[in-house]
Amino acid sequence: MDDPKTLVSTDWLAAHLSDPDLRIIDASWHMPATGRDARAEYDAGHIPAARFFDIDAISDKRSALPHMAPPPEMFISRLRAMGVGDGHQVVIYDNSDVRSAFRVWWTFRLMGKTDVAVLDGGLPKWRAEGRALEDMPPVMRDRHITVQRQAGLVRDVTQVAAASKLGDPQIVDARSPERFRGDQPEPRAGLRAGHIPGSRNLPFGRLFNADGTMIDPDAIRVAFAEAGIDLSKPVITTCGSGVTAAVLSFALERAGHRDHSLYDGSWTEWGSFADLNIATGDA
């Protein structure tokens with residue numbers, strides 16, 4: 001079912017494409033090892049009138065960690081320049097193996113913006129259906145935007161360390177089973193292998209159907225339960241660098257679980273500090 005605050009179908013977007021207060025965002029982002037250039041791919045072809053959101057550029061430059069959530073003043077400045085502001089319905093999509101649209105959805109939610117949805121199936125489904133693309137950027141006019149940062153949606157390393165020790169909130173990791181167990185080296189140099197003690201593993205890919213659309217809310221609840229997560233209790237999501245963790249956060253929201261937050265530093269931060277304990281093997 002289409003929900004302009006979480007997930008909309010390609011049919012919904014096609015029907016609303018000419019709405020004057022609709023803003024579409026291409027949030028594609030790729031792991032460096034893929035060699036893909038998200039901006040170049042956007043320039044070559046994107047959904048009509050889509051703006052490009054650069055996850056690395058719109059981030060906290062005060063942090064040495066990759067693409068940490070931007071400070072509100074940066075978010076305001078960049079979104080105003082993109083012509084995205086108050087009163088707009090935003091639809092975000094990607095063409096990424098790591099489902100980066102969900103990270104930008106979470107960033108909007110962090111800034112208190114709720115009229116924002118992810119395109120179910122993203123650009124691959126839009127293309128597969130033979131829908132329109134264009135290679136010209138839209139005309140962008142400055143638009144006023146107000147934000148109210150929702151601090152409860154993000155967690156830092158101190159809060160996650162406390163959760164790891166106490167078992168509350170629960171911690172769920174979106175990385176692959178191999179990385180979670182510590183059987184596979186991390187893609188970023190210098191990081192230890194393993195997971196946050198006490199965390200559970202739900203690889204983000206399990207939340208999608210074969211065509212790239214998200215599984216339904218009932219199936220989401222089953223997936224979290226099978227991972228050992230009690231949805232009557234708070235949840236912290238984590239991953240490698242805070243991108244795929246947002247898929248889990250989105251899925252929790254979609255399933256009606258509102259008490260969730262995201263560990264922005266994720267394993268890139270935790271795995272780099274020798275004084276933080278790690279666990280290996282299954283949960």
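A residue counts as buried when its relative accessible area is under 20%, as exposed when over 50%, and as partly exposed in between (1.4 Å probe, protein chains only). Helices (H or I, at least four residues) and strands (E, at least two) are DSSP runs, numbered from the N terminus. The model is predicted: local features need pLDDT of at least 70, side-chain atom pairs count only at pLDDT 80 or more, and totals for chains, interfaces and linings use all residues. Residues are numbered from 1 along each chain as its sequence is written, and side-chain values use heavy atoms, with hydrogens and water left out.

**Helix H9**

Because 10 of the 10 residues of helix H9 (residues 245-254) are buried, this helix is largely enclosed by the rest of the structure. Among the buried residues are Ser249, Glu253 and Arg254. Just after H9, glycine 256 adopts a positive phi of about 90°.

**The sheet**

Five strands, in the order E1-E5-E4-E2-E3, make up an open sheet with parallel pairing; two strands pair if DSSP finds at least two bridges between them. Strand E1 (7-8) and strand E3 (51-52) are the edge strands, each pairing on one side only. Strand E2 (residues 22-26) pairs with strand E4 (residues 89-93) over five bridges and with E3 over two bridges.

| Residue in E2 | Opposite residue | Strand of the opposite residue |
|---|---|---|
| leucine 22 | glutamine 89 | E4 |
| arginine 23 | valine 90 | E4 |
| isoleucine 25 | arginine 51 | E3 |

In a regular strand the side chains alternate between the two faces of the sheet. In E2, Leu22, Ile24 and Asp26 point one way, Arg23 and Ile25 point the other way, and all are buried.

**Nonpolar cores**

A nonpolar core is a set of buried Ala, Val, Leu, Ile, Met, Phe, Trp, Tyr and Cys residues joined through side-chain atoms within 4.5 Å. The largest has 54 residues, and Phe53, Ile92, Phe108, Leu207 and Met214 have the most contacts inside it. Elements that give two or more residues to this core include E4, helix H4 (101-110), strand E5 (116-119) and H9. A second, separate core of 16 residues includes Val8, Trp12, Leu13 and Phe52. Not counting residues up to four places away in sequence, phenylalanine 108 touches residues including Ile25, Phe53, Val90 and Ile92; contact means heavy atoms within 4.5 Å.
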